[in-house]
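Me: Could you take me through one part of this model up close, namely the nonpolar core? I'd like to know what it is built from and how far to trust what surrounds it.

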Amino acid sequence: MIKKITAVFALALAGLFVAPIAANASYVPDAGITVSGSVTAGGTSTVSFGDGGFQPGETVSLALTGENATGATLAAVETQTIQKTASSTGAVNLNVTLPTNATGSYTVTGTGLTTGIVGTATLTVTAAGSGSGSGGNDNDLADTGFGAPAFVVWGAAGAVALGAALIAVLVMVRRQRASLAA
């Protein structure tokens, strides 16, 4: 009986520390992504994923999402998705020419095909002649979430699991003693 309990506890404990790949996805830091140029209808801007954003020489899939995105041009390619190779420093630059009827926000997403690293930049179209476009990362969203390091979260989860296993073992021992006493 103790061997079974020990095996279940060991499996539960091992399961706590095996994290899904999606939960550990890496992201290009916001400071490493810049947007320059004209973010206006028909304007061309450059989205730069800085040094170290991706693995050197890695193939990066770049996608543009937004209203009328099919009319946009990505580095002179008539499509919404292209692939480029990161430089020897891991940087990738993308020239985006928005369609002449562009409105609203467009999202450029870069995904490293080897590492799975993801970086995003938001281009918000401004009216022509109203000054420089507001491009960049979506920093105006509310900060929701817990900013603790991962080891703190995993440690707390481990403590909860350990407590639950301890309670289960104590209940089993109590029942076994009660059945032996009867």
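Reply: Before we get going, a contact here means heavy atoms within 4.5 Å. With that in hand, look at the contacts between residues at least 6 apart in sequence: 61% of them join residues at least 24 apart. Keep in mind that this is a predicted model.

A quick bit of layout helps. The protein has 2 helices and 9 strands, and reading from the N terminus the order is α-β-β-β-β-β-β-β-β-β-α. Of its 182 residues, 27% are buried.

Now for the core itself. The largest nonpolar core holds 22 residues, and the ones with the most contacts inside it are Val 47, Phe 49, Val 96, Val 108 and Leu 123. Several strands feed into this core: E1 (33-37), E2 (44-49), E3 (59-66), E6 (92-97), E7 (105-112) and E8 (118-124) each put in at least two residues.

Val 47 is a good place to zoom in. Leaving out residues up to four places away in sequence, Val 47 touches Ile 33, Thr 34 and Val 35, then Val 92, Asn 93, Leu 94 and Val 96, and also Val 108, Ala 121 and Leu 123. Three of those names, Val 96, Val 108 and Leu 123, are back from the list of core residues with the most contacts.

Phe 49 is worth a stop too. Phe 49 counts as buried because its relative accessibility is 0%, below the 20% cut-off. A search of the whole structure turns up 1 aromatic pair, and that pair is Phe 49 with Phe 54, set edge-to-face with 5.7 Å centre to centre and 65° between the planes. The angle is over 60 degrees, so the pair goes down as edge-to face rather than tilted. Phe 54, at 3% relative accessibility, counts as buried as well.

As for the outside, the protein exposes about 11,100 Å², with carbon and sulfur atoms supplying 61% of that.

And the trust question? Mean pLDDT for the protein is 76, and 69% of its residues reach 70 or more. Among the elements, helix H2 (residues 150-181) has the highest mean, 89, while strand E9 (residues 134-136) has the lowest, 46. Two stretches deserve a pinch of salt. Over residues 75-79 pLDDT stays under 50, and the model gives that stretch 8 contacts beyond four places in sequence. Over residues 130-139 pLDDT also stays under 50, with 21 such contacts in the model.

Methods. Residues numbered from 1 in each chain as written. Predicted model: local features only at pLDDT ≥ 70, side-chain atom pairs only at ≥ 80, totals over all residues. Heavy atoms only, no water. Helix = DSSP H or I, 4+ residues; strand = E, 2+ residues; numbered from the N terminus. Buried < 20%, exposed > 50% of the residue type's maximum accessible area, 1.4 Å probe, protein only. Areas by Shrake-Rupley, 256 points an atom, 1.4 Å probe, with all protein chains shown as cover. Phe/Tyr/Trp six-rings, centres within 6.5 Å; stacked < 30°, edge-to-face > 60°. pLDDT = per-residue confidence, 0-100. Core = buried A, V, L, I, M, F, W, Y, C linked by side-chain atoms within 4.5 Å.
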